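Hi,

Here is the structure I said I would pass on. Have a look at it first, and my notes follow underneath.

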Amino acid sequence: MIARTVVGCRLRVVFVSLALCVGCAPAPQEVLHPVKGRITLDGKPLPRGTVTLRPESTSVTWHQPTGMIEPPGEYVVYTNGRNGAPPGQYQVVVFATEAATSSDGAARPGLPKSLVPPRYNDSKQTPLRLQVVAQPTSNSYTLELGSDEK
């Protein structure tokens with residue numbers, strides 16, 4: 001009787017351990033395609049900021065691929081620390097502010113001024129769209145912003 005109980009307990013421990021191991025298996029990695037482009041405001045490169053891709057449907061991804069804008073107005077998008085974004089259609093949100101310090105290194109008091117119109121900061125208002133594909137044409141990921149309100 002005791003032997004049967006010990007064997008039963010050991011089997012339960014083995015089954016629970018297996019169930020936990022299966023539940024902890026890493027999820028398959030999403031397929032990502034490189035997204036690299038240029039961003040301008042009124043034809044001039046944006047010097048700094050971020051570009052965030054918001055999926056137009058949750059079937060694309062739950063993530064929001066994001067990239068930093070670097071001089072001279074170039075960006076590269078990453079998803080969870082990996083280069084690229086899942087394929088699909090995205091709304092593009094852009095945040096860009098003036099530098100927090102002046103050219104002589106002095107701090108500027110207050111909130112930094114936005115370099116782009118507010119419509120580019122809002123996923124419901126942004127006119128910018130990107131289609132992430134495996135084989136993009138040249139300039140597929142070029143973003144041209146305008147300061148005039150439309």
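Where does Arg-119 lie? Arg-119 sits in the loop between β8 and β9. One thing to keep in mind as you read on: this is a predicted model.

Is Arg-119 buried or exposed? Arg-119 is buried, because its relative accessible area is 11%, and the cut-off for buried is under 20%. Its side chain has a couple of polar partners. One is the side chain of Tyr-120, in a polar contact at 3.1 Å. The other is the backbone oxygen of Gly-146, which is 2.9 Å from a polar atom of the Arg-119 side chain.

Now the overall picture. The chain has one helix and ten strands, and the order from the N terminus is α-β-β-β-β-β-β-β-β-β-β. There are 150 residues, and buried ones make up 29% of them. If you take the contacts between residues at least 6 apart in sequence, 65% of them join residues at least 24 apart. The accessible surface comes to about 10,000 Å², with 59% of that belonging to carbon and sulfur atoms.

Back to the loop between β8 and β9, where I also looked at Thr-97 and Ser-114. For reference, β8 covers 88–95 and β9 covers 129–132. Thr-97 counts as partly exposed because its relative accessibility is 33%. Ser-114 is partly exposed too, at 32% relative accessibility. Leaving out residues up to four places away in sequence, Thr-97 touches Arg-48, Pro-112, Lys-113, Ser-114 and Leu-115. With the same neighbours left out, Ser-114 touches Ala-96, Thr-97 and Asn-121.

The Ser-114 side chain also has a polar atom 2.8 Å from the backbone oxygen of Val-116. If you want C-alpha distances, Thr-97 and Leu-111 are 9.3 Å apart, with their positions 14 residues apart along the chain. Ser-114 and Gly-49 are 9.7 Å apart by C-alpha, at a sequence separation of 65 residues.

Gly-49 turns up again in the strand pairing, where it stands opposite Ile-69 in β4. β3 and β4 (residues 66–70) pair in the antiparallel sense over four bridges. β4 in turn is joined by two bridges to β5 (residues 74–76), and these two run antiparallel as well. Across that pair, Glu-70 stands opposite Glu-74 in β5. The hairpin of β4 and β5 has three residues between the strands, and Gly-73 takes a positive phi near 75° there.

Last, the inside. Which residues touch the most other members of the largest nonpolar core? Ile-39, Leu-46, Leu-53, Tyr-75, Val-94 and Leu-145 do, in a core of 22 residues. The elements that give two or more residues to this core are β1 (36–41), β3 (49–55), β8, β9 and β10 (143–145). β8 gives the most, with three residues.

Ile-39 is a handy one to click on. Apart from residues up to four places away in sequence, its contacts include Leu-46, Tyr-75, Val-94 and Leu-145, which are also on the list of core residues above. Ile-39 touches Ile-69 and Gly-73 as well, and you have met both in the strand pairing: Ile-69 opposite Gly-49, and Gly-73 in the hairpin of β4 and β5.

Cheers

Conventions. Residues numbered from 1 in each chain as written. Predicted model: local features only at pLDDT ≥ 70, side-chain atom pairs only at ≥ 80, totals over all residues. Heavy atoms only, no water. Buried < 20%, exposed > 50% of the residue type's maximum accessible area, 1.4 Å probe, protein only. Contact = heavy atoms within 4.5 Å. Areas by Shrake-Rupley, 256 points an atom, 1.4 Å probe, with all protein chains shown as cover. Core = buried A, V, L, I, M, F, W, Y, C linked by side-chain atoms within 4.5 Å. Polar contact = N/O pair within 3.5 Å; in protein donor to acceptor, adjacent residues only side chain to side chain. Pairing = 2+ DSSP bridges.
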